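Me: Hi! I'm new to this one, could you walk me through part of it?

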Amino acid sequence: MRAAYLDKAESNVDGSDVAGSMGKQKALGVGSIADGPLDPMAHRNSVLYKLAHLFGQLPIRAIAVGAISVTIGLFLWHWATLYKFNYFVNFEHVPAPLLVGDAFSRHFFDPAFHTHVLVSLRRIFFAYSIAVVLGIVIGLIVGRSRTARSAILPYIEIIRPIPAVAWIPLAILMWPTEEASIIYITLLGALFPIILNTVHGVEQTPEVLVRAAQSLGANRAQVFWHVVLPAAMPSIAAGLAIGMGISWFSLLAGEIISGQFGIGYFTWHAYSMINYTDIVVGMLVIGALGSLSTYLVRLITRPMLRWNRKLR
Amino acid sequence: MSIYKRLVAALLLSVMAVSVQAETIRIAIGHQSMCTDTYTAGIVVKELKLLEKHLPTTGKYKNAKYDISWSDYSSGGPITNQMMANRLNFGVMGDYPLIVNGANFQKTDSIRTKYIAGTGYNLKGSGNAIVVPVASDIYQLEDLVGREVSVPVGSAAWGMLLKAMQDAEISSSQYVLKNQSPAVGAANIAAGRIDAHADFCPWSELMEFRGTARKIYDGSETGIPYLHGVVVRQDFLDKYPEVAVAFVKAIHEAGEWIREDPMRAVEKMEGWTGVEKEVLYIYFSEGGHLTLEPSIKDKWVDALKFNHGVLAKEMDIAPLDFDEWITEEYLIQAYKELGIDYLKLKESIVDPVEANVGRPMEIWHSRDGISTYETFPEFLSAIASFQDTGAKLNASYVYDKETGLKLFGKTAFFVKNSEGFTTFLRKPEADAYAAKTEGVVMDLNGAIETQRELLASVD
């Protein structure tokens, strides 16, 4: 994908019409592409294409295969608990899917459970929003400036491998409220994938494009805005999606200290009371919310990648 | 069949024969090094290798090899989880987690645990306590209305908190209850981030000793006995009942070893667990919170039933058949073999309120160890003179007039009246006593200064 994009970009730069090339550069940033007979993508505007495209976008086949796969998985789980499968992996005391479903449907109408979910969603929202802003800003700076890179990278490399749970005691001590501690632990999870992917994206910006823009009289800010940022966008978007997944990951660690609410707390509490059914309910809800929010991130970042897809 | 094949077959057979003979018995124990009351079935037995000492080596155990492993956990829940997975066969924990253990096993179709022995107890429920940050303006339970209280939910401290609030007629809507593990709760108290925290031994005293917290309520006021015990998987018991008997003997011996020389014991235990010896001394010394004696008394069963009621109401815990769960079989056998009258032991109960009347105050000199003082003037003068010589004192201990509990001198409230000094755990009682007897409430330093002035005026 990237190779194709590079080819395309370079062929643009190689073109003799310098002004036209600049126009293309701008188009990359804005994400729109000029119509016209020269545009190879013109057929995309036809009604027929749009219809076919719409149908093609509905991944019926994928949904069917996925549904069958999940059904098989559920059946295997059911079967393993029913016959107390015990060969290296022991299912003897694992709660059956029907039991879990039963518990889930009970919790589904329980206002207390709604509170757990809503509180977690709120924490994810705040932690993730902060991580996105911080992560992209730090990532762009580190990616563009050698000095900043040397100064900031050691921190990233040292703090990144520290697991979220290890932060618990310090997070309590350092932050003024419990909520802030939890949000801090959660945002740490999201922050590093976003930073690193942003850095990676910035580094991937073809130097030729930058030089081309400069030779056309673009100043630093313009180069940054019209060339570097769009070029880094696919990588940033990937970082955003990964970061969302990992922030759920660390949320559970953070919510160990929440003491009252949160889906992570719910699961942790079920563990201390040895309530296996609720543990599985909590795990599955975290999984579902995690994948749902990751999907949402992909959906939101998609428009920013339009230029990239069209060049594919 | 070639000679070679015969040889291999013979070799295989002989290997199998040996493995049948030398059966390896895996004894995996889950204990808690941050829960003082479990030490006599946990860390002490482990470190002094008391189980090894009592394990059977005759009869069917003649060629048995023992593979003993100890795993340390911070609460009972994970131990139950490991027992469920059959990675542990012995678990040592407090009363509430014990019930969660028994009830969850009875919920399964096939596996069970048995409650085979206690470790120690406090008749009135000391060991659990509610603390507040030192600088807090909270001095009694009633002050907690509208405040946030954290507690490890599902622990003995949680049961105590619910009972205490109920007794004080504070409904659950009048305060915010948060679930917090001991370490997190202690950190929150140190940072002054929570109004109060309720916890089990040794956390409250640990926080007091480290100077971060002040007790406002002691579990003894609920009057519900606080106990710990040992649960064992039944499949293990059926196969190796003698091992369980050996474990009970080890618990007994661990208790004896501590009673023999509490100072030596707490110093050793500090090395094993990292809990300060001065804190452990509050539990394990003569007049301490803990009576180390493993019998299962009728009163204990009543207390456990009460606890189960709380868990059933608040946490929807499964029913528990106590008759099936609790067994004295192994205790009776162990004490028979030790030549001690179990029934007599079972009937004896130590009540700290009565047992601690007239016990001497203690000062722990960092070099010379513990010295005892019968009267307050002696005790206070001794501290004063130690201060003058610049000697380092580890701790000092006095007793609460109300409950007979051993206290740190530095956290006690002293009342000075015409008759002399009296010490209290809590400020309200000290205030009331001072008002009644025209006395003055002060802290340890105030008491020392008062004593100095008294001496000076005599001179």
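Reply: Sure, here is a short tour of some strands and helices. This is a predicted model, where local features need pLDDT of at least 70, side-chain atom pairs count only at pLDDT 80 or more, and totals for chains, interfaces and linings use all residues. Residues are numbered from 1 along each chain as its sequence is written, chains are lettered from A and ligands numbered from 1 in the order in which they are written, and side-chain values use heavy atoms, with hydrogens and water left out.

Me: Cool. What's the strand order in the open sheet of chain B?

Reply: The order is β2-β1-β3-β10-β4 (chain B), with mixed pairing. Strands (E, at least two residues) and helices (H or I, at least four) are DSSP runs numbered from the N terminus, and two strands pair if DSSP finds at least two bridges between them.

Me: Which strands stand at the edges?

Reply: β2 (65–72) and β4 (113–122) of chain B; each has a single partner strand, so one side of each is left without a neighbour in the sheet.

Me: And how do β1(B) and β2(B) run?

Reply: They run parallel, joined by 8 bridges. I27(B) has I68(B) in β2(B) as its bridge partner.

Me: New topic: what does β6(B) pair with?

Reply: β6 (148–151) of chain B pairs in the parallel sense with β7 (176–179) of chain B over 4 bridges, and with β8 (196–199) of chain B over 2 bridges. V149(B) stands opposite L177(B) in β7(B) and opposite A196(B) in β8(B).
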